[in-house]
Amino acid sequence: MALSEPTSLGDALGSDAGPPSLGDAVGAAAATVSMDEFSLVVDHLWLLICAFLVFIMQAGFAMLEVGTVRSKNAKNLMIKNIMDLAAGAFVWWGFGFAFAYGGGDYSGGPPNGFIGAQGFFFIKGYEPCDSSETCLFPIQPKYDSYAGWLFQWAFAATATTIVSGAVAERCSFLGYVIYAIFITGFIYPVVVHWIWSPYGWLSAFRDPEIASGVWVSPGVIDFAGSGVVHMVGGSISLVAAAILGPRIGRFDATGKMVSMVPHNSAFVGLGTLLLWFGWFGFNSGSTLALSAKFILLAEKVAVGTTLAASGGGIAAICMCFVKDGYLDLPHLCNGILGGLVAVCSAVAVSEPWACWVIGFLGGCVEFWMAVAVQKMKVDDPLDATAVHLGGGFFGLICGGLFGTRLNTDAAYSEDQPCGAFFPGCGGQQLGVNILGGVMIMIWCMGMAAIVFGSMKLAGILRISQKEEHIGLDVSYHGSAAYDDTLDGSGSHKYRQHAKQAIQEAIEEGDEQQA
């Protein structure tokens, strides 16, 4: 396509031209597109495609979680994963995005580094297009492009979904709704504002012309969310699982963990592959643009993402063989995810070899942290704490270690410090990244303790023992996920069978008490 300064359709076709053909119209359209306009369209299209890829990650999480739990809770996990998107979109539109990226404060003063205060429900969300900027329409969104909003919503849904795996099989649906609203609408957006907004007190993208207040220079390097997304989900997961308590039968009378085998290993493997696929949008899309130099950065990030998944999977399957004497699918899948989580922070500033090393070490961290969480008697069915908190914090550390001067200049700026492993870079970036990780844990764990502790005190967090025995699918959703009746009569017959089983269990319990 030829790129030039805009001309009129008449000029492009010629004054003597007859009725334009399709080819003439296409040629005229090409002639009216400037380089700036073309770059703008490409960048917005890139964000849209990457948002769709991150959306697919929700299908990956759903398959992974459904396959890992027991079959009697499969429908419940699927409903929660879909609700993360449906309810999450409403909450992100209403409050989350404004808290994350909105400027100003509630008294009409300048923006602050802690939380945003503008853009709720897109109210007053438009402004005339500045003539000094490249515009496709006379008006434009005031706070971000619609593609940017969609991309960030997909990230917010990811942070919330992480927690659903940690509390699987025993959290009430009301409890799920309440914590999901708090995570999507408040806890996660605050961390986003700190590190990714131009106003945040830990942001490497801080704009001194519009930001005010405290700033920890030079800001955290967290390119795709090792801390912002994954540590948020992982920190909340640990607290939530601890407060909620283990599933019935997870630990025996001596405190030894009892294995609960995934009911569908094919779902576990397929979910992991979908997540890996979506991660290309998650990481490469964090360039937020594709024009100019960003196409090369996006390519390098995609390669680094691939190598980190490779390193994580190899590390975990080796650790599994050393510890257990056999090769198991869940460990392989969690190792891949641990490597992907760990590389998110440094993927744009590191060389490909470093991304593989980060992934390999991230897989090791995930594996042994999962063992440590089990030793603490915390029941985390999906190992969300190990994958996302362990891998995320390790990833932030790597963001302060592996960044080369050349890559940091390309992805951030010449003012951003490079990694401590390289001569002349120093340890400033490592220190800021560690501070960022610690602050994320303090904020998220503190808020999670308040939210989940309050629900536990109110008696609305956990389902009853009878409901847990029979399963959340029948207890909350009317029927089982799978029709195990011989004649295929399905849900009605199963409901009658379930009611009878519950009644018999109640009567048996009454007889024992008597």
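## Helix 8 against helix 10

Let's start with a helix pair in this predicted model. Helix 8 (residues 265–284) packs on helix 10 (residues 329–343) at an angle of about 10°, and their axes are 10 Å apart. That angle is under the 35 degrees cut-off, which makes helix 8 roughly parallel to helix 10.

On the helix 8 side, the contact uses Ser 265, Val 268, Gly 269, Thr 272, Leu 275, Trp 276, Trp 279 and Asn 283. Helix 10 answers with Leu 329, Cys 333, Ile 336, Leu 337, Leu 340, Val 341 and Val 343. Sorted by class, the contact of helix 8 with helix 10 has 11 nonpolar and 4 polar residues, with no charged ones. As a bit of background, an α-helix has 3.6 residues a turn, so residues three or four places apart point the same way.

## Helix 12 and its contact with helix 11

Next up is helix 12 (residues 384–399), whose axis comes within 8 Å of that of helix 11 (residues 352–375), with a crossing angle of roughly 140°. Helix 11 and helix 12 are therefore oblique to each other. The crossing of helix 11 and helix 12 is right-handed.

From helix 11, the contact takes Ile 358, Leu 361, Gly 362, Val 365, Glu 366, Met 369, Ala 370 and Val 373. From helix 12 come Thr 385, Ala 386, Val 387, Leu 389, Gly 390, Phe 394 and Cys 398. The class split for helix 11 with helix 12 is 11 nonpolar, 3 polar and 1 charged.

## Helix 12 and its contact with helix 7

Helix 12 also packs with helix 7 (residues 226–244), again at about 140°, with the axes 7 Å apart. Helix 7 and helix 12 are therefore oblique to each other, and their crossing is left-handed.

Here helix 7 brings in Ser 226, Gly 227, His 230, Met 231, Gly 234, Ser 235, Ser 237 and Leu 238. The helix 12 residues are Ala 384, Thr 385, His 388, Leu 389, Gly 392, Phe 393, Gly 395 and Leu 396. By class, the contact of helix 7 with helix 12 has 10 polar and 6 nonpolar residues, and no charged ones.

## Helix 9: a quick length check

Helix 9 (residues 294–324) has 31 residues, which at 1.5 Å a residue should span 45 Å; the C-alpha atoms at its ends are 44 Å apart, so the two values agree. Right after helix 9 comes Gly 325, with a positive phi near 85°.

## Loop geometry and an aromatic pair

Two loops have backbone details to look at. In the loop between helix 6 (173–195) and helix 7 sits Pro 218, and the peptide bond joining Ser 217 to Pro 218 is cis, with omega about 10°. Phe 121, in the loop between helix 4 and strand 1, has a positive phi of about 55° even though it is not a glycine.

Over the whole structure, a search finds 31 aromatic pairs. One of them is Phe 122 with Tyr 146, an edge-to-face pair at 5.9 Å centre to centre and 65° between the planes. This pair links distant parts of the chain, 24 residues apart: Phe 122 is in the loop between helix 4 (74–101) and strand 1 (126–128), while Tyr 146 is in helix 5 (residues 146–166).

Terms used:
Residues numbered from 1 in each chain as written. Predicted model: local features only at pLDDT ≥ 70, side-chain atom pairs only at ≥ 80, totals over all residues. Heavy atoms only, no water. Axes fitted to C-alpha atoms, helices over the stretch in contact; angles between N-to-C directions. Helix = DSSP H or I, 4+ residues; strand = E, 2+ residues; numbered from the N terminus. Parallel < 35°, antiparallel > 145°, perpendicular 65-115°, else oblique. Left-handed = near helix turned anticlockwise from the far one by under 90°. Contact = heavy atoms within 4.5 Å. Nonpolar A, V, L, I, M, F, W, Y, C, P; charged D, E, K, R; others polar. Expected span 1.5 Å × (residues − 1). Phe/Tyr/Trp six-rings, centres within 6.5 Å; stacked < 30°, edge-to-face > 60°.
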